[in-house]
Amino acid sequence: MERRTIGAAALEVGAIGLGCMPMSWAYTGSQQRGDRSLRTVHAALDAGSSLLDTADMYGPFTNELLLGRVLRERRADAFVSTKCGLLVGDQHIVANGRPGYVKRACDASLRRLQTDVIDLYQLHRPDPEVPVEETWGAMADLVRAGKVRALGVCAVGARAARRPGARMHDGTIRQLERVQQVFPVSAVQAELSVWSPEALAALLPWCEARGVGLLAAMPLGNGFLTGTLKPGQGFEPDDLRARHPRFTAEMMAANQPVVAGLRRVAERHSATPAQVALAWVLGRGRQVVPVPGTKRERWAVQNARAAGLRLTEDDLAEIARLPRARGSWD
């Protein structure tokens with residue numbers, strides 16, 4: 001697989017990563033099986049998808065424990081990305097950016113992952129009660145201690161951008177400007193896909209200008225862009241899509257033209273809609289690394305093969321003409 005570099009430290013990873021969250025959290029709990037997930041991680045590494053993206057809150061904790069079983073055998077094949085800063089309680093999630101907590105959380109992640117260093121340690125969300133510079137300073141101490149190689153930031157949610165005149169990632173860019181004064185940012189993780197291209201407007205240019213990598217989260221639109229989901233199929237109560245505004249039966253039906261357009265392009269390349277969607281994300285820039293999530297070996301291998309798909313100018317023009325994705329608030 002093609003290799004790409006992340007950040008000024010030139011951290012090298014496969015062009016397509018593996019999002020591990022669905023194996024333990026937020027998606028279809030009845031289908032989460034440890035042994036099958038282990039095979040999926042091994043298959044992804046075999047295919048060149050070296051970046052394994054997890055977080056201590058996924059499970060919580062069980063996702064890191066699962067990856068630890070793989071890393072114990074194949075640490076040299078993997079680029080480990082995990083996150084801190086969010087605590088999962090009963091029916092709620094809270095931020096904790098206190099320096100002492102961040103350092104304890106890192107040590108706990110290292111134990112669960114069965115490794116002595118985390119390649120990329122990301123701040124999942126800033127703590128509104130702690131200056132982000134203090135949290136970031138504690139994370140920088142972990143780099144100096146040799147426990148972490150590089151630091152990253154996850155983009156803040158879209159809700160803050162719903163004020164008049166606000167852009168989607170204004171809050172994230174303000175946060176990035178602040179922490180960059182303390183210690184270099186190597187990567188930003190943000191949603192980027194055919195149906196959620198907002199990061200292209202300001203966030204990606206910010207990253208490009210500073211040599212910062214962009215990890216494209218949800219590049220397959222939470223599974224919708226694969227073309228395997230049907231309007232009205234329903235989701236299990238613990239599945240995040242059960243409450244997502246684009247996954248009502250009405251909106252899934254309304255957004256079918258997006259999938260149909262990807263399928264037309266895919267047919268010209270003997271590919272799948274998912275592979276076209278990933279190739280489109282890869283084409284947004286050399287520092288962009290899509291991180292599709294899956295718990296199935298078949299999809300991990302198929303996603304990895306998208307790194308070899310080259311879209312033509314006609315393909316890109318057709319994708320650009322696709323209708324804007326709609327949500328239940330539209």
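Phe61 counts as partly exposed, because its relative accessibility is 41%. In this predicted model, Phe61 belongs to the loop between S4 and H2, and its phi is near 75°, a positive value in a residue other than glycine. The points below proceed from this loop to helix H2, then to the packing of helices H1, H9 and H10, and finally to selected residues in strand S1 and in other loops.

**The loop before H2**

- The loop between strand S4 (residues 51-53) and H2 also contains Pro60.
- The peptide bond between Gly59 and Pro60 is cis, with omega about 0°.
- Most residues other than glycine have a negative phi, and most peptide bonds are trans.

**Asn63 in helix H2**

- Helix H2 spans residues 62-74 and includes Asn63.
- Asn63 has a relative accessibility of 0% and therefore counts as buried, the cut-off being under 20%.
- The side chain of Asn63 forms a polar contact of 2.8 Å with the side chain of Ser24.
- When residues up to four places away in sequence are not counted, Asn63 touches Cys20, Met21, Met23, Ser24, Thr54 and Tyr58.

**Packing of H9 against H10**

- Two packed helices are described by the angle between their axes and the distance between the axes.
- For helix H9 (residues 273-282) and helix H10 (residues 297-305), the angle is about 45° and the axes are 8 Å apart.
- H9 is therefore oblique to H10, and their crossing is right-handed.
- On the H9 side, Ala274, Gln275 and Leu278 take part, and they meet Gln302, Asn303 and Arg305 of H10.
- By residue class, this contact consists of two nonpolar, three polar and one charged.

**Packing of H1 against H10**

- Helix H1 (residues 34-46) packs on H10 at an angle of about 15°, with the two axes 8 Å apart.
- H1 is roughly parallel to H10, because angles under 35 degrees count as such.
- The crossing of H1 with H10 is right-handed.
- Arg39, Thr40, Ala43 and Ala44 of H1 meet Glu297, Ala300 and Val301 of H10.
- The residues of the contact of H1 with H10 comprise four nonpolar, one polar and two charged.

**Enclosure of H9**

- H9 is largely enclosed by the rest of the structure, because 10 of its 10 residues are buried.
- The buried residues of H9 include the aromatic position Trp280 as well as Pro273, Gln275 and Leu282.
- Among the elements that cover the buried residues of H9 are strands S1 (3-6), S11 (213-217) and S12 (288-291).
- Helices H8 (256-268), H10 and H11 (313-320) are also included in this cover.

**Arg4 in strand S1**

- Strand S1 contains Arg4, which is buried because its relative accessibility is 5%.
- The side chains of Arg4 and Glu2 are joined by a polar contact of 2.8 Å.
- Arg4 and Arg286 are separated by 282 residues in sequence, yet their C-alpha atoms are 6.8 Å apart.
- Beyond neighbours within four places in sequence, Arg4 is in contact with Leu11, Glu12, Val13, Ala15, Leu282, Gly285, Arg286, Val288 and Val289.

**The loop between S11 and H7**

- Gly221 is located in the loop between S11 and helix H7 (249-254), and a relative accessible area of 0% means that Gly221 is buried.
- Apart from neighbours within four places in sequence, Gly221 is in contact with Ser193, Trp195 and Phe247.
- The C-alpha atoms of Gly221 and Leu18 lie 15 Å apart, with the two positions 203 residues apart in sequence terms.
- Asn222 is found in the loop between S11 and H7 as well, and its phi is near 55°, a positive value in a residue other than glycine.
- Asn222 counts as buried because its relative accessibility is 7%.

**The loop between H2 and S5**

- Ala78 is placed in the loop between H2 and strand S5 (79-84).
- The relative accessibility of Ala78 is 10%, so Ala78 counts as buried.
- Its contacts, leaving aside neighbours within four places in sequence, are Leu45, Ser50, Leu52, Leu71 and Asp119.
- Ala78 and Gly48 are 30 residues apart in sequence, and their C-alpha atoms are 9.2 Å apart in space.

Key: Residues are numbered from 1 along each chain as its sequence is written. This is a predicted model: local features need pLDDT of at least 70, side-chain atom pairs count only at pLDDT 80 or more; totals for chains, interfaces and linings use all residues. Side-chain values use heavy atoms; hydrogens and water are left out. Helices (H or I, at least four residues) and strands (E, at least two) are DSSP runs, numbered from the N terminus. Buried means under 20% relative accessible area, exposed over 50%, partly exposed in between (1.4 Å probe, protein chains only). A polar contact is a pair of N or O atoms within 3.5 Å; within protein, one must be able to donate a hydrogen and the other to accept it, and residues adjacent in sequence count only if both atoms are side-chain atoms. Contact means heavy atoms within 4.5 Å. Axes are lines fitted to C-alpha atoms, for helices over the stretch in contact, and angles run from 0 to 180 degrees between N-to-C directions. Angles under 35 degrees count as roughly parallel, over 145 as roughly antiparallel, 65 to 115 as roughly perpendicular and the rest as oblique. A crossing is left-handed if the near helix is turned anticlockwise from the far one by less than a right angle, and right-handed if clockwise. Ala, Val, Leu, Ile, Met, Phe, Trp, Tyr, Cys and Pro count as nonpolar, Asp, Glu, Lys and Arg as charged, and the others, Gly among them, as polar.
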